[in-house]
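Ready for a walk through a structure, one selection at a time? Keep your viewer open and follow the stops below.

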Amino acid sequence: MTSTAADSTTQELSGGALKRSLARALRRQKIRALMLTAPLLVFIVVGFIMPIGSMLFRSIDNRVVDDIMPRTVAALADWDVDSTELPSEEVFTALVADLQIAAEDRTALLLARRMNFETAGFTTMVRRAQRAVGDWDVATDGPFRERMIDVHDGWGSLETWRAFKSYSSHYTIGYYLAAVDRTMVTGHIEPLPDDRSIHLMLFWRTAWMSGLICFMTLLLGYPVAFLLANVKERYANLLLIMVLLPFWTSLLVRTSAWKVLLQEQGVINQILVWIGLVADDNRLTMINNKFGVIVAMTHILLPFMILPLYSVMKTIPPSYVRAAKSLGANDWTAFWRVYFPQSVPGIGAGAILVFIMAVGYYITPELVGGPSGMFISNRIAHQWTVSGNWGLVGALGTLLLVAVLVLYWVYDRVVGIDNVKLG
Amino acid sequence: MALPSYASPLQRAWYYGFRILCGLIFFYLMFPIAVIIPLSFNAEDFFTFTSAMLALDPDGYSLKHYVDFFTNPDWTMATRNSLTIAPMATIISVALGTLAAIGSSQSHVPAGDHGGADLADDRAADHLGGRDVLLLLVRGAAGHLLGRRSGTRDPRHPFVIITVTATLVGFDRSLTRCGVDGGRSDHDLLQGAAADPAGRDLGFGCLPSSRRSTKWSWSSSWAGSATNLPWQMFTGLREQISPTILAVATLMVVLSILLLATLEILRRRNEKMRGTPN
């Protein structure tokens with residue numbers, strides 16, 4: 001009895017020690033793994049997460065109004081956007097006080113620029129007002145309402161104050177509204193007039209053209225992948241180079257090649273005129289429109305469809321199709337009922353990859369698209385470089401990011417992110 | 001998939017028809033790239049074949065666009081920028097990527113099995129529409145050259161990670177255990193057992209990495225407000241000024257052919273090392 005008890009104690013002891021030392025080893029391993037990954041994690045956080053965070057923040061950040069016009073914003077708190085009367089004298093006094101400081105700090109035009117993104121005319125109003133208020137005395141020169149209206153009619157219009165009040169909060173959904181062609185200049189969310197609505201149309205165009213491009217790459221990529229997977233490996237490797245060469249060639253090279261081919265004096269038109277299919281004075285317009293974008297992007301994204309398809313098809317055992325045929329299936333049935341279902345993961349991988357890439361394309365639509373082939377990313381770049389509307393850039397970018405993340409999540413769920421082989 | 005002798009006429013027709021179809025698709029893939037090569041030797045400032053070129057008249061051809069590329073300061077500065085940034089970006093991304101891949105291939109990654117996958121997730125960045133926007137925002141945060149570098153480096157390390165992780169995960173761990181039983185230190189093991197297969201994949205990861213860095217650096221030039229090769233091409237294309245673009249494009253195609261050949265040689269060497277017959 002005693003010896004058994006002693007045995008179990010030793011066992012417990014050694015078991016505990018073993019557990020401890022195993023736990024220690026495990027911890028050390030974990031720390032080592034973490035240390036090895038740390039530089040990259042830091043890099044991703046700095047180079048990737050932070051810019052995204054900054055983009056998200058910019059898309060709602062509206063502090064500029066309250067920072068420059070704190071008194072006016074506070075005085076407007078009691079005024080209702082649906083009111084049919086102008087704000088009280090108090091508001092105008094605050095406005096004059098704010099403008100005096102803003103004119104001195106040279107920040108008034110920043111405010112005007114911000115408001116101008118939403119409704120035209122603010123720049124003139126603010127410019128004139130800041131010139132006028134310079135030598136007014138806030139304490140004695142009142143009342144200011146009539147004087148401000150004399151400076152510019154705009155200060156006496158209800159629209160001005162409704163817009164100002166709607167866009168005066170610290171954080172705003174205004175940029176997101178603008179990104180989906182809505183506005184709240186009247187204090188209520190309303191659609192923008194048709195001549196200023198462009199984003200929804202561009203989102204939709206980006207989506208359907210990407211879908212079409214995705215379908216075209218599938219149509220052209222499937223036969224090629226099938227051939228690659230079913231010829232001798234020697235030939236397959238050679239043929240694969242023909243797929244990989246475009247894949248490896250710079251996007252710009254391929255886009256410039258299409259520009260050379262498609263333009264009015266380009267190679268394709270030259271050939272068509274030469275063989276007499278098209279009259280010399282009636283050359284086809286194939287560039288700076290949707291056609292050019294679809295042809296060029298299908299070409300550019302085709303390898304991204306072929307490679308995942310090929311890597312899936314290579315794993316399909318040929319014996320299944322042979323078995324189907326020996327059991328009496330004809331060629332079509334053997335393909336459609338046996339081979340095709342097994343290649344579906346490849347289709348899923350390729351299609352979502354191509355679609356996600358197409359949605360964010362900028363260079364190709366910019367170079368061969370023209371106005372009618374413009375994608376949403378071109379609009380984002382335009383807002384950035386021409387209008388300087390960072391908030392709207394952030395909002396559009398965030399919407400695109402969310403759309404792509406949803407697709408990416410679906411992609412991961414359906415095929416798994418690790419199942420793709422590229423080159 | 002050779003055609004059996006008992007194939008019916010329909011099967012025969014399909015067999016050849018299918019090959020012709022594939023040939024046409026390969027033509028579609030290759031033709032645009034092939035066509036710019038002769039055009040880059042155009043003696044005129046046109047983007048199209050002149051009659052002298054079609055008649056194979058030597059006067060129709062010239063190297064003047066190449067001369068322009070090598071002498072015009074716009075292009076030489078852009079080239080120099082590309083050539084300094086791309087290797088830097090490659091080295092940094094390979095270093096970060098390799099370390100992380102070794103880390104996340106160990107069986108006890110703190111974040112669980114998803115460690116590698118999560119890191120790889122930012123390959124999403126590569127495909128994200130917001131990428132260019134992001135790079136623009138990086139500009140605010142980072143300094144001039146620094147911004148340019150981080151801008152280029154960003155989209156590529158996932159490639160290195162994926163390739164290296166793939167090898168290391170597929171890599172037979174019993175080799176390591178065997179080494180430990182034999183009394184080797186971790187360092188020796190990494191050197192001997194793990195590093196060799198990993199080294200090969202480093203090559204795989206590196207090559208696309210450097211290629212992509214030249215490719216993406218155009219967007220980084222936005223972020224860094226400096227000009228480099230792709231950026232110069234981009235502006236040149238938008239304004240349609242000179243066929244020097246075609247000369248550059250030809251040189252870049254030649255570069256990809258060289259890289260591709262290197263990859264193929266690496267692959268064959270690897271196959272030979274593993275002893276799997278082709």
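Start by selecting Ala2(B), which sits in the segment before α1 of chain B. Is Ala2(B) buried or exposed? Ala2(B) has 8 C-beta neighbours inside 10 Å, so it counts as exposed; a residue is called exposed at 12 or fewer such neighbours. Now add Tyr15(B) to your selection. Ala2(B) and Tyr15(B) are 13 residues apart along the chain, and their C-alpha atoms are separated by 9.0 Å. Keep in mind as you go that this is a predicted model.

**Chain B as a whole**

Next, colour chain B by secondary structure. How many helices does chain B have? Chain B has 13 helices and zero strands, so you will meet one α after another as you trace it from the N terminus. Buried residues make up 43% of the 278 residues in this chain. Look too at how the chain B contacts are made: among those between residues at least 6 apart in sequence, 73% join residues at least 24 apart.

**Where the chains touch**

Select helix α11 (residues 233–248) of chain A together with helix α1 (residues 9–39) of chain B. Two packed helices are described by the angle between their axes and the distance between the axes. Here the axes come within 10 Å and cross at roughly 45°. α11(A) and α1(B) are therefore oblique to each other, and α11(A) passes α1(B) in a left-handed crossing.

Now show the side chains. From α11(A) you want Met242(A), Val243(A), Leu245(A) and Pro246(A). In α1(B), they meet Phe26(B), Leu29(B), Met30(B) and Ile33(B). How do the residues of this contact of α11(A) with α1(B) divide into nonpolar, polar and charged? There are eight nonpolar residues, no polar ones and no charged ones.

**Chain A as a whole**

Zoom out and select chain A. This chain has 19 helices and two strands. Its radius of gyration is 32 Å, well over the 22 Å that the globule rule gives for 423 residues, so chain A is more spread out than a compact globule. Turn the view around and try to picture a box around its C-alpha atoms: along the principal axes, that box is roughly 105 × 100 × 35 Å. Of the 423 residues of chain A, 40% count as buried. As for contacts in chain A with a separation of 6 or more, 71% of them come from residues 24 or more positions apart.

**An enclosed helix**

Pick helix α8 (residues 158–166) of chain A. Why is α8(A) described as largely enclosed by the rest of the structure? Seven of its nine residues are buried, so the label fits. To see them, select Thr160(A), Trp161(A), Arg162(A), Ala163(A), Phe164(A), Lys165(A) and Ser166(A). Then add α5 (108–116) of chain A, which is included in what covers these buried residues.

Step back to Ser157(A), in the loop between α7 (145–151) and α8 of chain A. With 15 C-beta neighbours inside 10 Å, Ser157(A) counts as partly exposed. Add Glu85(A) as well: Ser157(A) and Glu85(A) are 72 residues apart in sequence, and 9.5 Å apart in space from C-alpha to C-alpha.

**Two loop residues with positive phi**

Move to Arg106(A), in the loop between α4 (89–105) and α5 of chain A. Its phi is near 60°, a positive value in a residue other than glycine. Arg106(A) is exposed, with 9 other C-beta atoms within 10 Å.

Then select Asn288(A), in the loop between α13 (267–274) and α14 of chain A. Phi of Asn288(A) is near 60° and positive, and this residue is not a glycine. Asn288(A) is partly exposed, with 19 other C-beta atoms within 10 Å.

**The last stop: a helix pair in chain A**

Finish with helix α14 (residues 290–313) and helix α16 (residues 331–359) of chain A, whose axes come within 8 Å and cross at roughly 155°. That makes α14(A) roughly antiparallel to α16(A), and their crossing is right-handed. Display the side chains where they meet: on the α14(A) side these include Met297(A), Leu301(A), Phe304(A) and Met305(A), and on the α16(A) side they include Ser343(A), Pro345(A), Ile347(A) and Leu353(A). The residues of this contact between α14(A) and α16(A) divide into 15 nonpolar, three polar and no charged.

Technical notes: Residues numbered from 1 in each chain as written. Chains lettered and ligands numbered in written order. Predicted model: local features only at pLDDT ≥ 70, side-chain atom pairs only at ≥ 80, totals over all residues. Helix = DSSP H or I, 4+ residues; strand = E, 2+ residues; numbered from the N terminus. Rg over C-alpha atoms; globule rule 2.2 N^0.38 Å. Buried ≥ 20, exposed ≤ 12 C-beta atoms within 10 Å, placed from the backbone. Contact = placed C-beta atoms within 7 Å. Axes fitted to C-alpha atoms, helices over the stretch in contact; angles between N-to-C directions. Parallel < 35°, antiparallel > 145°, perpendicular 65-115°, else oblique. Left-handed = near helix turned anticlockwise from the far one by under 90°. Nonpolar A, V, L, I, M, F, W, Y, C, P; charged D, E, K, R; others polar.
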